[in-house]
Amino acid sequence: MNDSSWKVDTGHKSGYLTYIEKEMAKVLPHADLKADPHIRSKVKILKKQLSYVLEIMQNGSGFGWDDEKKMVTGDRETYMGWAKSREGAGPLYMKPMVNFDKLYEVYATDLAKGGSAKGPGEEEIVEDGSTVDAQLTSKPAKENIPELNEDTSPSGGSRHGRKRTYPDDDALESGLASVSNTIAKFLEAEQENAKTMNGLQRAFMHESQIHEQTSANRTKLLDILQNLKGLITEEVVMAIRVIGGDAGKTELFINLRDDYKVVFVRQELDAAKK
């Protein structure tokens, strides 16, 4: 998507998050991940983390970015002192950012050109190149919402307008992790259900095959007894009732030689009389 017409100089065209929502739905059809708030919130977090890493790569002192391990390394105390004034930066220490190269490819140019001036992950670009603010529709608890006054712009100039609130990044990341875990559990349950259904299907098929074989053997039993020499009519009828009621005896009878069949029938009839 980054190489498509959705990408412009300082961001992505309006509606790109909805496009991502549709593409993700093809891979995770039961996750119900929405462009807003799920994907927008995650993009905001990832862009903010990337901006911190880019800052560290340029100005880190006592700590820095290990490009081989894809993590922030160095003196922990020094780093944490630096991170205090940067919300959500603390957890980056010694935590691999496995998707760093992709994030850099997609968003580094935007950040360098000021595409995140209104907050990482919040700005979309309309067709004519102008920017539109995208509002978060989720409403987290007040204790997790830091309030930012927009009277002062990042460049120091005066900007008058409403106050805007943003969800706490750590809370959002935790929520998205919970969604991910729920999806994993759901897929695991679906796999177990599929295994169970396959097992039941095999069992039903096996039972059906046995039933068909039993019916076929009873038909053979009737034909053999009616044409077996040495038995009177009463013996034939009784043999059908005695032997035909037992699938094992029926199969055994069918596989005997004819002279043995007569002996087998009479022994079974004598046993039934006792």
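**Close-up 1. Leu-46 in helix H2 of the predicted model.** Leu-46 is a residue of helix H2, in a structure that is a predicted model. Because its relative accessibility is 17%, and the cut-off for a buried residue is under 20%, Leu-46 counts as buried. When neighbours within four places in sequence are left aside, Leu-46 is in contact with Asn-99 and Leu-103. The first-named of these partners, Asn-99, stands 53 residues from Leu-46 along the chain, yet the C-alpha atoms of Leu-46 and Asn-99 are separated by 9.5 Å.

**Close-up 2. The crossing of helices H1 and H2.** Helix H1, which spans residues 16-27, and helix H2, which spans residues 35-59, have axes that come within 10 Å of one another and cross at roughly 105°. Since angles of 65 to 115 degrees count as roughly perpendicular, H1 is therefore described as roughly perpendicular to H2. On the H1 side the contact is made by Tyr-16, Leu-17, Thr-18, Ile-20, Glu-21 and Met-24, while H2 contributes Ala-35, Ile-39, Arg-40 and Val-43. Sorted by character, the residues of this contact between H1 and H2 comprise 7 nonpolar, 1 polar and 2 charged.

**Close-up 3. The two sides of helix H6.** Within helix H6, made up of residues 233-243, the buried residues include Glu-235, Val-236, Ala-239 and Ile-243. These residues cover an arc of only 100° around the axis, which means that they lie on the same side of H6. Thr-233, Glu-234 and Arg-241, by contrast, are exposed on the other side of H6.

**Close-up 4. Thr-250 in helix H7 and its surroundings.** Thr-250 has its place in helix H7, which covers residues 247-255. With a relative accessibility of 1%, which is under the 20% cut-off, Thr-250 counts as buried. Residues up to four places away in sequence not being counted, Thr-250 touches Asn-217, Arg-218, Leu-221, Ile-243 and Gly-244. Of these, Ile-243 also appears in the preceding view, as one of the buried residues of H6.

**Close-up 5. The whole protein as context for the preceding views.** The protein has 8 helices and 8 strands, and 31% of its 274 residues count as buried. Among contacts between residues at least 6 apart in sequence, 55% join residues that are at least 24 apart. The accessible surface of the protein comes to about 17,500 Å², and carbon and sulfur atoms account for 52% of that surface.

Key
Residues numbered from 1 in each chain as written. Predicted model: local features only at pLDDT ≥ 70, side-chain atom pairs only at ≥ 80, totals over all residues. Heavy atoms only, no water. Helix = DSSP H or I, 4+ residues; strand = E, 2+ residues; numbered from the N terminus. Buried < 20%, exposed > 50% of the residue type's maximum accessible area, 1.4 Å probe, protein only. Contact = heavy atoms within 4.5 Å. Axes fitted to C-alpha atoms, helices over the stretch in contact; angles between N-to-C directions. Parallel < 35°, antiparallel > 145°, perpendicular 65-115°, else oblique. Nonpolar A, V, L, I, M, F, W, Y, C, P; charged D, E, K, R; others polar. Areas by Shrake-Rupley, 256 points an atom, 1.4 Å probe, with all protein chains shown as cover. Arc of directions from axis to C-beta.
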